[in-house]
Amino acid sequence: MTTVSPDLLRKFDIPGPRYTSYPTADRFVEAFSATDYGQALAQRSAGPASLAQPLSLYVHIPFCESLCYYCACNKIITKHHERAATYLRYLGREVELNIAQLGPGRGVTQLHLGGGSPTFLSDAELGELMSMLKRHFVLAPEGEYSIEIDPRTVDGARLAVLAELGFNRISFGVQDFDTDVQKAVHRVQPFEQVRELMQQARAVGFDSVNVDLIYGLPRQTPASFARTLTQVQQLRPDRIALYAYAHLPERFKPQRRIVPAELPGGAAKVAMLSQSLLAFLGAGYVYVGMDHFALPTDALAVAKRQGRLHRNFQGYSTQPDCDLVALGVSAIGRIGATYSQNAKTLEEYCDHLDQGRLPVVRGLALSRDDLARRAVIMALMCQGQVLFETIEQAWLLDFRHYFAAELTQLQELAEAGLVRLDDTGIEVTASGWFFVRAVAMVFDRYLQADRNRAKFSRII
């Protein structure tokens, strides 16, 4: 079992992107419009292999009944469930506008419902949403269809409905089981409730059950978090996502309700991360990368073992790298060499659709340099290695010359034992996997030019 010293964790405790895309979403510009996005859809539709290339779908459901103080997601807090019906009508309009450019019957191998709380929708509304998607797209029988769950909004009967609708992967937002921590972040959900729901999820046939955890929350201590880790080990989910809390109250208003004096210090956070690594690796989990763990039999761990790991806006995936059609307020998608983002407010989103326009308000058309660097960063993040010859042949460049400055910067990481460099390429070491984001950051041209990293979460 590979271990990581607290000293190494402290040394590389630096802010940086999570690289669900490159360039990252903070680089999007308003000069990229709905017209540009429509053209990208049309070009994909006209391509000779368009029917054979699968799509990924993301649907953002922004509504939540209750505010979680740590949350940095785009959400709308409301108890008025009738708003969901109106939102579904607008989603239907957005799908139709996409299909008008893309063409009907495109194959889909991955679907993810995120938020907010997708289970804010009633069973009937979720059924309506899935029926609408199936009318316009062809969902492959072997695909991954996942939904994020607020445990406070579901029971066994609802989980059975989700399975019947075609969802085969489920993610529970847990964060922490300690009662004091839950009160401090305004999200109280007993361990017993989550345990029962996970048992029911397995009983109705979900292929994979994920649990989200956050360390660095108010009132957390290494001792309290150790108890949560023990409880998670008892649940034994197929996957675990372990995130570091980023306290950015100037950007995310809900975080202003968190008492800064109650946040754990850097040493405590290092201790919590260190004990998490020991606990999960000791329990037989595979460290997939970027704070993600999976049981050896889970498809994500198998994909990493076989070199088939991919990464998109939802994180690591077993599905081949493909275009992503993103639906709903603030949703981010990718078509070809472009990224796009929908309007961030519900009012603006609906206004665009009322005028018969796609609700895209910003995005980016990638340059050749962006594409080459994306290939390098994703190879590091997913396969843990970059072969110079592969990049040179794909992008017609001399790797050692083109990335001379980056290779010089990598020497420090090589001396720390995080990467190995030779004449053929770059390889992330076993301990380097825990800091793969720091390795990828070296090739981020935008980040190297902009040293203001306060807007990003820290690596730990």
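How many Å should the 14 residues of helix α8 span? At 1.5 Å a residue, the expected span of α8 (residues 222-235) is 20 Å. The end C-alpha atoms of α8 are 20 Å apart, so expectation and model agree. This model is predicted. The points below start with α8, then turn to the nonpolar core and the aromatic rings.

**Helix α8 and its surroundings**

- The buried residues of α8 include S224, F225, T228, L229, V232 and L235.
- Down the axis of α8, its buried residues fall within an arc of 145°, so they line one face of the helix.
- An α-helix has 3.6 residues a turn, so residues three or four places apart point the same way.
- Several elements help cover the buried residues of α8. Among them are the β elements β6 (169-175), β7 (208-215) and β8 (239-244). The cover also includes α7 (191-203) and α9 (266-282).
- R236 comes just after α8 and takes a positive phi of about 50°.

**The largest nonpolar core**

- The largest nonpolar core has 131 residues.
- Within this core, L91, L129, L133, F167, Y349, F399 and F443 touch the most other members.
- F399 shows what such a residue touches. Leaving out residues up to four places away in sequence, F399 touches V376, V386, F388, I391, E392, A404, L407, I426 and F443.
- In soluble globular proteins, nonpolar side chains tend to be buried together.

**Aromatic pairs and a cluster**

- The whole structure holds 16 aromatic pairs.
- Y87 and Y349 have ring centres 6.0 Å apart and planes at 40°, so this pair is tilted.
- The pair links distant parts of the chain: Y87 is in helix α3 (residues 82-102) and Y349 is in helix α11 (residues 346-354), 262 residues apart.
- Both Y87 and Y349 are buried.
- F177 and F191 form an edge-to-face pair, with 5.1 Å centre to centre and 90° between the planes.
- F177 lies in the loop between β6 and α6 (179-185), while F191 is in helix α7, so the pair ties together parts 14 residues apart in sequence.
- F177 and F191 are both buried.
- One aromatic cluster is formed by F280, Y285, Y287, F293 and F434.

**Charges over rings**

- The charged end of R93 sits over the ring of Y90, 4.5 Å from the ring centre.
- R311 lies over the face of Y316, also at 4.5 Å from the ring centre.

Technical notes: Residues numbered from 1 in each chain as written. Predicted model: local features only at pLDDT ≥ 70, side-chain atom pairs only at ≥ 80, totals over all residues. Heavy atoms only, no water. Helix = DSSP H or I, 4+ residues; strand = E, 2+ residues; numbered from the N terminus. Expected span 1.5 Å × (residues − 1). Buried < 20%, exposed > 50% of the residue type's maximum accessible area, 1.4 Å probe, protein only. Arc of directions from axis to C-beta. Contact = heavy atoms within 4.5 Å. Core = buried A, V, L, I, M, F, W, Y, C linked by side-chain atoms within 4.5 Å. Phe/Tyr/Trp six-rings, centres within 6.5 Å; stacked < 30°, edge-to-face > 60°. Lys NZ or Arg CZ within 6 Å of the ring centre and 35° of its normal.
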